[in-house]
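Student: I have a protein model on my screen and I'd like to learn how to read it. Could you walk me through a few features?

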Amino acid sequence: MSGTVIAGTPIAVDFWSVRRAGGARLFFLSHMHSDHTVGLSSTWSRPLYCSPLTARLLHRRLQVPTCWIRPLEVGQSHVLGEEVTVTLLDSNHCPGSVMFLFEGTFGTILYTGDFRYASTMRGEPVLQGRHIDRLYLDNTYCDPQRSLPSRQHATRQAAHVIRTHPRHQVVIGVYSLGKETLLVDLAMEFSTWVVVSPWRLEQMRLLELPDVFTTEEGAGWIRAVDVAEIRWDTLVSWNMLHPTIAILPTGRPVKVTHPNIHPIPYSDHSSFSELCEFVKWLKPCSVIPIVKGSMCQAYFQEYLSSAPQALPDLKMPKPVQGSVQQQSRRQGQEPTCLLKRATHHSVPRGVVYESPEKYTKKSEELTGVKVPQQNSCESAFCSKEGCTCHVQRKEKGKEELSGEQPGEARAACALHRAPVSDEHFPTGFAEQYLLTPLNVLKQNSSQKFDKLVEDFFRRGKAS
């Protein structure tokens with residue numbers, strides 16, 4: 001997975017495991033390639049920020065509910081809450097792909113996502129003269145031993161291969177998203193339709209591309225198919241029907257299994273020289289590779305800025321369990337009964353507490369009776385309604401419910417939910433039993449315990 005939780009911020013980019021996202025609260029999607037949407041599905045239920053074009057693809061392909069998709073206009077700055085300002089910039093990778101420029105108390109961060117550097121990016125007003133504390137860089141091809149031509153040059157290479165096979169049909173292997181510009185350029189160059197599948201035609205129209213695509217077989221002699229179809233057996237089958245060549249546009253090294261397969265170094269990722277040019281122009285304080293396991297910072301050390309770097313705010317809130325009283329004080333509210341909280345918030349939000357109801361049930365099973373109202377006095381055997389200790393206990397119970405003791409407030413709330421009349425049960429028995437040490441209870445057999453209960457009831461009636 002190519003996602004990142006940015007340290008010291010509430011931001012996660014292309015990262016869809018909420019459980020592992022720490023304190024991240026703002027989720028961003030750079031583009032719709034499958035390695036950037038791992039874990040994202042129709043069950044997603046948090047606000048998600050992306051470009052308008054990605055928003056349309058996201059709902060169509062992954063059925064993410066539109067109520068959670070927040071499209072942000074590219075080239076404009078957007079303030080999210082009171083802590084983050086974000087600007088989306090075209091990343092020149094695939095339709096809808098963007099870079100994110102984040103600004104806040106954590107400094108200024110540029111997250112490129114997958115991108116192909118172009119000199120036109122220097123014209124972005126928001127990047128000109130900008131101090132960048134951290135640059136999260138697409139380091140897919142950060143290798144000085146691997147050179148890539150520009151996409152314009154690679155397109156000319158593909159056109160040359162086609163011209164040298166004038167009587168062949170042409171099949172081009174592409175992924176579900178990307179390389180659309182190559183298809184359009186070749187269609188224009190050779191004045192032919194590009195035949196695609198129905199679902200791909202629907203997507204081309206959604207992307208509002210030039211009208212050079214069709215589903216009609218035989219209407220054109222260039223076809224776009226899934227890259228997985230470019231293999232030895234399919235080439236054999238196609239050539240049995242008609243002379244056919246296949247073009248495989250990719251920057252990765254590939255193993256050619258058929259003489260009619262022609263790899264073309266057409267890439268939507270930046271070459272090593274382009275990465276160096278980009279970092280040299282931007283002069284960030286630090287470079288962090290997006291693709292894990294690749295140590296490429298040494299290549300850019302000479303281009304880094306010597307200006308002081310804003311340190312990440314490592315005190316950003318994280319979902320650490322704390323007391324109910326502390327959480328309520330942070331929110332400026334009175335402590336809330338856990339039983340009521342469990343009733344009103346059945347869906348886990350942030351910190352997940354175990355339901356106190358299951359412990360209440362266990363207590364009831366042990367005692368064999370329901371817990372009475374909190375109207376007993378300090379003395380376990382005092383059952384006189386008007387005695388001094390009874391009144392003091394009643395007043396003390398009110399003070400505890402005010403929030404001074406979260407544990408006792410929780411117990412009082414539970415008692416309030418299950419009142420039992422004094423007529424049916426002598427006051428003080430439940431407290432006496434609940435306060436008895438467990439090792440003492442274990443020494444008594446069930447028969448002896450029943451006898452103690454009967455004796456206690458008899459004393460209560462006698463009084």
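Tutor: Sure, we'll go through one residue, one helix and one sheet in turn.

Tutor: First, some ground rules. This is a predicted model, where local features need pLDDT of at least 70, side-chain atom pairs count only at pLDDT 80 or more, and totals for chains, interfaces and linings use all residues. Residues are numbered from 1 along each chain as its sequence is written, and side-chain values use heavy atoms, with hydrogens and water left out.

Student: Is Asp268 buried or exposed?

Tutor: Buried means under 20% relative accessible area, exposed over 50%, and partly exposed in between (1.4 Å probe, protein chains only). Asp268 counts as buried because its relative accessibility is 5%. Look for Asp268 in the loop between strand E16 (261-264) and helix H6 (272-282). Those labels are DSSP runs numbered from the N terminus: helices (H or I) have at least four residues, strands (E) at least two.

Student: Which side chain makes a polar contact with that of Asp268?

Tutor: A polar contact is a pair of N or O atoms within 3.5 Å; within protein, one must be able to donate a hydrogen and the other to accept it, and residues adjacent in sequence count only if both atoms are side-chain atoms. Here the partner is Arg151, at 2.7 Å.

Student: Where do the buried residues of H2 lie around its axis?

Tutor: Here's the general idea. An α-helix has 3.6 residues a turn, so residues three or four places apart point the same way. Now take H2, residues 151-163. Its buried residues are Arg151, Ala154, Thr155, Ala158, Ala159, Val161 and Ile162. Seen down the axis, they fall within an arc of 155° (taken from the directions from the helix axis to the C-beta atoms), so they line one face of H2. The face turned away from them carries exposed Gln152, Arg156 and His160.

Student: What do the buried residues of H2 pack against?

Tutor: Contact means heavy atoms within 4.5 Å. The buried residues of H2 pack against strand E11 (169-174), helix H3 (180-190), strand E15 (244-249) and E16.

Student: How many strands are in the open sheet, and in which order?

Tutor: Two strands pair if DSSP finds at least two bridges between them. This open sheet has six strands, ordered E6-E7-E8-E9-E10-E17, with mixed pairing. At its edges are strand E6 (77-80) and strand E17 (287-289), each pairing on one side only. Inspect E9 (residues 107-111) and E10 (residues 134-137) too: they run parallel, joined by three bridges.

Technical notes:
The expected span of a helix is 1.5 Å times one less than its number of residues.
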